[in-house]
Amino acid sequence: MIAPSSSPPPPLALLAEVTHRCPMRCVYCSNPLELVAASGELEEADWLRVLSEAAELGILQVHFSGGEPLARQDLPRLIAHAAREGLYTNLITSGIGLDAALGCRLADAGLEHVQLSVQDTEATGVDRIGGFQGALAHKRRAADAIAAAGLAMTLNAVIHRGNAERIDAFVSLALALGARRLEVAHVQYYGWGLINRAWLMPTIDQLRAVSARVEAARAQHKGALVIDYVIPDYYARLPKSCMGGWGRRFMVVDPAGRALPCHAATTIPDLHFTNVRDASIAETWEHAPAFNAFRGTAWMAEPCRSCDRRELDWGGCRCQALALTGDAAATDPACHKSPHHRAMVELATREASAPPAAAAGDVTYRGSRRRRPRPPAAATSRKAEETCSGF
């Protein structure tokens, strides 16, 4: 455990996971496997205090997330309080339950932006991934409500093996729904996504095709639609700066009140998480052991310790390192310098080549009885390493 020598700057944003309740059962949901029940959620008064303390600390943005945050009846009041405190407010939603009346209430409360998730551009694909019949129609109605309320909207398109060929359709959908921004993000393998990795992993050819189509769409729709793009780490050569670096830019508060450096941090078994019922946001940010565990660079071992990118990627993702190596302090296997890198790419290549029918029969929906994902194979090959050399 490394304690910083001075107080860190305040985080940019608070991710307020106000509930784990959700009508959808997405097979790639990043929520933890142990979902917080409604009876264990923070009370409204606690969230109001958290939002005030966040603003006082210097946090600029609050992202209301879940689960499905619309499941909380007090969401408009939480948004209104955040807006009064001067926080930029963003809602991350499935769109289920968002109608014109509620859209207006949220806008009147001070909501400024909505991120609307969509699992596919075809109704059957959305139903299959989300485990909720008729979801695409709900999302279209939600988009209409967002537009009618005058709210800015980003469409979040989650890419996986089953929809990777429909990038152009996602772009068309975003334009048709009035989105100003489209986030094309491959599944990141945490939570339920990790369990269903073999069902979701795209092939390297799919990844290359998606990347090419994204670049073409950016050029074609420049000025009309901003397109963000996130590739799957399993095909990367360099790790992402996860959450902008551990304990650097983001604080997550989960439905039970645990303050987390990232949404998947509870998978790391040796960390103790401070609850906002027991300590202020400022005290937690500056002094909580979980936030200081991997903050900065002093905790790093080689090859991260001497790497010239150590203050760019901050060691990559600690939860991914744990999932793939069993050690949260290990070099993220997404980095080509990691001794586990080739095994990770071999794993992705093998799972992506599995017959779709066999993989589909092995899917586990969010909230269902859980299976543990298989660890990466120890065997590696030079061919597998070279598979990801272009990314």
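Contact here means heavy atoms within 4.5 Å, and the legends below describe close-up views of a predicted model.

**View 1. The protein chain as a whole, with its 15 helices and nine strands.** The radius of gyration is 20 Å, close to the 21 Å that the globule rule gives for 391 residues, so the protein chain is as compact as a globular protein of that length. Along the principal axes the C-alpha trace spans about 55 × 50 × 45 Å, and buried residues account for 55% of the 391 residues. Of the contacts between residues at least 6 apart in sequence, 75% join residues that are at least 24 apart. The protein chain exposes about 16100 Å², of which carbon and sulfur atoms supply 52%.

**View 2. The open sheet and its two edges.** Nine strands make up this sheet, with mixed pairing and in the order β7-β6-β5-β4-β3-β2-β1-β8-β9. The strands at the edges are β7 (226–230) and β9 (259–260), each of which has a single partner strand, so one side of each is left without a neighbour in the sheet. At the β9 edge, strand β8 (residues 250–253) runs antiparallel to β9 and is joined to it by two bridges, with Val 252 standing opposite Leu 260. At the β7 edge, strand β6 (residues 181–186) pairs with β7 in the parallel sense over five bridges, and Val 184 stands opposite Tyr 229.

**View 3. The two faces of strand β7.** In a regular strand the side chains alternate between the two faces of the sheet. The covered face of β7 carries Ile 227 and Tyr 229, whereas Val 226, Asp 228 and Val 230 belong to the uncovered one. Tyr 229, on the covered face, is also the residue that Val 184 stands opposite.

**View 4. Two right-handed β-α-β units that share strand β3.** Strand β2 (residues 61–65) and strand β3 (residues 88–93) run parallel and are joined by four bridges, and His 63 stands opposite Asn 90 in β3. Between these two strands the chain passes through helix α2 (residues 75–84), in a β-α-β crossover that is right-handed. Strand β3 is in turn joined by four bridges to strand β4 (residues 113–118), again in a parallel arrangement, and here Leu 91 stands opposite Val 114. With helix α3 (residues 100–109) between them, β3 and β4 complete a right-handed β-α-β unit.

**View 5. Leu 106 within the largest nonpolar core.** This core has 95 residues, and those with the most contacts inside it are Leu 14, Phe 64, Leu 106, Leu 155, Leu 182 and Tyr 234. Leaving aside its neighbours within four places in sequence, Leu 106 is in contact with Leu 70, Leu 75, Pro 76, Ile 79, Leu 91, Leu 98 and Leu 111. A second core, separate from this one, is made of 23 residues, among them Cys 262, Phe 273, Ala 290 and Leu 322.

**View 6. Helix α12 (residues 318–325), a mostly covered helix.** Six of the eight residues of α12 are buried, namely Arg 318, Cys 319, Gln 320, Ala 321, Leu 322 and Leu 324. Leu 322, buried in this helix, is also included in the second nonpolar core. The cover over the buried residues of α12 includes α8 (197–200) and α13 (341–352). After α12 comes Gly 326, whose phi is positive, near 85 degrees.

**View 7. Thr 203 and Gln 206, a loop residue and a helix residue.** Thr 203 lies in the loop between α8 and α9 (204–220), where its 25% relative accessibility makes it partly exposed. Leaving aside neighbours within four places in sequence, Thr 203 is in contact with Tyr 235 and Ala 352. Thr 203 and Arg 350 are 147 residues apart in sequence, yet their C-alpha atoms are 9.2 Å apart in space. Gln 206 lies in helix α9, and with a relative accessible area of 11% this residue is buried, since the cut-off for buried is under 20%. With neighbours within four places in sequence again left aside, Gln 206 is in contact with Arg 161, Ala 164 and Glu 165.

Methods. Residues numbered from 1 in each chain as written. Predicted model: local features only at pLDDT ≥ 70, side-chain atom pairs only at ≥ 80, totals over all residues. Heavy atoms only, no water. Pairing = 2+ DSSP bridges. Right-handed = clockwise from strand over helix to strand, strands pointing away. Rg over C-alpha atoms; globule rule 2.2 N^0.38 Å. Buried < 20%, exposed > 50% of the residue type's maximum accessible area, 1.4 Å probe, protein only. Areas by Shrake-Rupley, 256 points an atom, 1.4 Å probe, with all protein chains shown as cover. Core = buried A, V, L, I, M, F, W, Y, C linked by side-chain atoms within 4.5 Å.
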